[in-house]
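Reader: I have the sequence and the coordinates open. Could you walk me through the reasons behind the labels used for this fold?

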Amino acid sequence: MRPQKRSKHKHYSADAVVELENANSDRVPIRALLDTGTTATIILQPFVKQGHISSYKNDQMRWNTIGGTFLTKRKAKLNFKFPELNNKTVTWSCHVDAIHKPSETSCDMIIGLDLMVDIGIFVNTATLTVDWGEHSAPLKPRGSLSESEYMEA
């Protein structure tokens with residue numbers, strides 16, 4: 001009986017570190033996914049400062065995912081940075097996921113095409129990089145942002 005060969009193919013993901021002020025006003029790194037298949041940007045509620053969440057009913061959005069459907073009811077205007085790419089502050093209105101907890105998800109924020117198109121972030125699969133203007137960062141092995149050593153660095 002022959003031992004099974006391991007695949008030599010690496011599984012990359014367009015994960016990025018985003019830095020923002022959390023609900024306690026601490027600057028923290030969070031796990032973000034640059035997702036070209038998502039139309040809008042969404043963030044988990046624990047990372048949104050108190051008082052920054054809207055109360056407008058027209059901010060509702062139904063999300064259809066492979067894991068099912070869920071509804072977000074609010075948006076929040078956030079200021080954040082992509083420290084791996086440059087030091088620019090981005091201000092963006094994100095949908096707020098009040099249902100899921102960080103311990104239940106593989107990322108804390110999903111960057112949708114709305115934001116990527118507006119600021120010009122490009123997931124380049126030919127060079128295995130995320131590019132923003134003249135700055136670039138390598139795609140990461142899938143799951144690397146879940147490792148605490150990586151986030152601390």
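Author: Gladly! This is a predicted model. A good place to begin is β2 and strand β3 (residues 27-34), which run antiparallel and are joined by seven bridges.

Reader: What makes β2 and β3 count as paired strands?

Author: Pairing takes at least two bridges found by DSSP. Seven bridges join β2 to β3, so the pair qualifies. Within that pairing, V17 stands opposite R31 in β3. The two strands form a hairpin with five residues between them, and S25 in the turn has a positive phi of about 65°.

Reader: Why is β2 described as largely enclosed?

Author: Buried means under 20% relative accessible area. Five of the seven residues of β2 are buried, so the rest of the structure largely encloses this strand.

Reader: How do you know that strand β2 (residues 15-21) pairs with strand β7 (residues 74-81)?

Author: Two bridges join them, and at least two are needed, so they count as paired. They run antiparallel. In β7, the bridge partner of L20 is F80, while that of E19 is K81.

Reader: Where do these strands fit in the barrel, and what is its order?

Author: Six strands close into a barrel in the order β2-β3-β9-β4-β8-β7, with mixed pairing. From one strand to the next, the twist averages 45°.

Reader: What lines the largest pocket?

Author: The largest pocket has a volume of about 640 Å³. Of its 30 lining residues, L33, T65, S106, C107 and I110 are the closest to its centre. The elements giving two or more residues to the lining are β4 (42-44), β5 (61-65), β6 and β9 (109-111).

Reader: Why is T69 called partly exposed?

Author: The label covers values between the buried limit of 20% and the exposed limit of 50%. T69 has a relative accessible area of 48%, so it is partly exposed. T69 is found in strand β6 (residues 68-72). Leaving aside residues up to four places away in sequence, T69 touches R62, W63 and N64.

Reader: What joins β11 to β12?

Author: Four bridges join strand β11 (residues 129-132) to strand β12 (residues 135-138), and the two run antiparallel. V130 has A137 in β12 as its bridge partner. This hairpin has two residues between its strands, and G133 in the turn has a positive phi of about 60°.

Reader: Where is confidence lowest, and where is it highest?

Author: Helix α2 (residues 148-152) is lowest, at a mean pLDDT of 50, and helix α1 (residues 113-119) is highest, at 96. The chain averages 85, with 86% of the residues scoring at least 70. Where pLDDT is low, the predicted coordinates should not be read in detail.

Technical notes:
Residues numbered from 1 in each chain as written. Predicted model: local features only at pLDDT ≥ 70, side-chain atom pairs only at ≥ 80, totals over all residues. Heavy atoms only, no water. pLDDT = per-residue confidence, 0-100. Buried < 20%, exposed > 50% of the residue type's maximum accessible area, 1.4 Å probe, protein only. Contact = heavy atoms within 4.5 Å. Axes fitted to C-alpha atoms, helices over the stretch in contact; angles between N-to-C directions. 1 Å grid on protein atoms, 1.4 Å probe; cavity = no way out; pocket = protein on both sides within 12 Å on 5 of 7 lines; lining within 4 Å. Points joined across faces, edges and corners; volume = space filled by probe spheres on them.
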